[in-house]
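Trainee: Could you take me through one part of this model in detail? I would like to follow a single spot on the surface and see what lies around it.

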Amino acid sequence: MRVAVVGCGYWGSKHVRVLSTIPEVEQVIVVDPVEERVQNLKRTFPSLTSYRSLESALDYVDAVVVATPPTTHAPLAHTAIDAKKHVLIEKPLATTSDDALGLVEAAENSFVTLMVGHTFEFNAGVWKLRELVNTDELGRIHYLDSARLNLGLYQSDVNVIWDLAPHDVSIFNYVLGSTPVSVQAWGSRHGHRHLEDVAYLRLNYENPNVTANIHVSWLDPCKVRRVTVVGSSKMAVYNDLSTDERIRIFDKGLVEREGESHLDQMPMSYRTGDIRSPFVSFEEPLGVQDHEFVRCAMDGTRPRTDGMNGLAVVKVLEGANISMREERPVSLDEFRSFEPIVEPQTQLVRVS
């Protein structure tokens, strides 16, 4: 396969590095109008071929990775899909649910692979969290909580919700095996006149019946990447910044008192036990993700983070934006559903 990476910034350069190590990738091509960024990459990868626009590169590639600012994702992806190219789009899939839906429909109609870069769904630590939930080791799930905080980097075209929250929404959806039915959000602007740099989201799921909370910030003195799952039996914390204890399981919780308690007594007591950190074999999630993209594009199988996966996350993000502006909870039923143009299938027709 020949793969073009559109956008040679932070994530684009990472994709170039990873794709260059995949045996099935015959050639990596970079697309960026900024010559300085292209030359920086060529110093590390001298054999790279470069183009200034996607249109000029399309005749020479089989697949496209879109790693540009979020508001450009949909038009660039449509250009590639219209040319019958497989597409991997960095998160978020698009900046409106209508645009995301349009990409899903276009990819289905053209029989090409559409994948979104939800890298945490290819992360062994998140896989372990899902296993803990699915095996009931944590008991009945009470709630989930995440914090994704740091000082910067401010984006120019989207607020902090669209920049950071896609990670946590995709993690929650994957761990629970479900999508939320409603969202409520609060946000504030401090360092930017028009874009929120601090936000809180509350996601409500029906199956299972749990609430998930997300705190995202570009304006925090500490870098935090933490997901907590609290169950009736145990609690688990995933810390993406930890090098040797990414998952910690706490044998802690509450125990209800038997019989009737006096008014001056708490109706429960605390239970504390061991803390353990199971071994998690770590492989770079971006590498796992890009390998899956190449494999799916070549053999026609549907990727784990396909267009529908991306659409589900975009609905939450758009709902959160509406909630902030209108100061109300937003039902995700307000957004249009996807109606396949072709019959649903687990195998796509490979594009030659």
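Mentor: Let's start with L219, which counts as partly exposed because its relative accessibility is 39%, between the 20% and 50% limits for buried and exposed. Keep in mind that this is a predicted model. L219 is found in strand β11, which covers residues 219-231. Together with L151 and Y154, L219 makes a nonpolar surface patch of about 300 Å².

Y154 is a good residue to follow from here. Its relative accessible area is 33%, so Y154 is partly exposed. Y154 also forms an aromatic pair with W218, with the ring centres 4.9 Å apart and 50 degrees between the planes, a tilted arrangement. The pair links distant parts of the chain, as the two residues are 64 residues apart. Y154 sits in the loop between β7 (141-151) and α7 (160-176), while W218 sits in the loop between β10 (211-217) and β11. W218 has a relative accessible area of 0% and is therefore buried. So this tilted pair joins a partly exposed tyrosine to a buried tryptophan.

How many aromatic pairs are there by this rule? The count comes to three. Another of them is formed by Y10 and W11: their ring centres are 5.6 Å apart and their planes stand at 85 degrees, so this pair is edge-to-face. Y10 is exposed, because its relative accessible area is 58%. W11, at 31%, is partly exposed.

For a view of a covered element, turn to helix α5, residues 97-110. At 1.5 Å a residue, its 14 residues should span 20 Å, and the end C-alpha atoms are 20 Å apart, which agrees. The helix is mostly covered, with 10 of its 14 residues buried. Among these buried residues are S97, A100, L101, G102, L103 and V104, and the list also includes A106, A107, E108 and S110. What covers them? The cover includes two helices, α4 (73-82) and α9 (307-326), and two strands, β5 (86-90) and β6 (114-117). Just after α5 comes F111, which takes a positive phi of about 55 degrees.

To come back to your surface spot: L151, Y154 and L219 make the nonpolar patch, and Y154 pairs with W218, which is buried.

Terms used:
Residues numbered from 1 in each chain as written. Predicted model: local features only at pLDDT ≥ 70, side-chain atom pairs only at ≥ 80, totals over all residues. Heavy atoms only, no water. Patch = residues over 30% accessible without salt bridge, like charges linked within 9 Å, V, L, I, M, F, W, Y side chains within 5 Å. Areas by Shrake-Rupley, 256 points an atom, 1.4 Å probe, with all protein chains shown as cover. Salt bridge = Lys/Arg side-chain N within 4 Å of Asp/Glu carboxyl O. Helix = DSSP H or I, 4+ residues; strand = E, 2+ residues; numbered from the N terminus. Buried < 20%, exposed > 50% of the residue type's maximum accessible area, 1.4 Å probe, protein only. Expected span 1.5 Å × (residues − 1). Contact = heavy atoms within 4.5 Å. Phe/Tyr/Trp six-rings, centres within 6.5 Å; stacked < 30°, edge-to-face > 60°.
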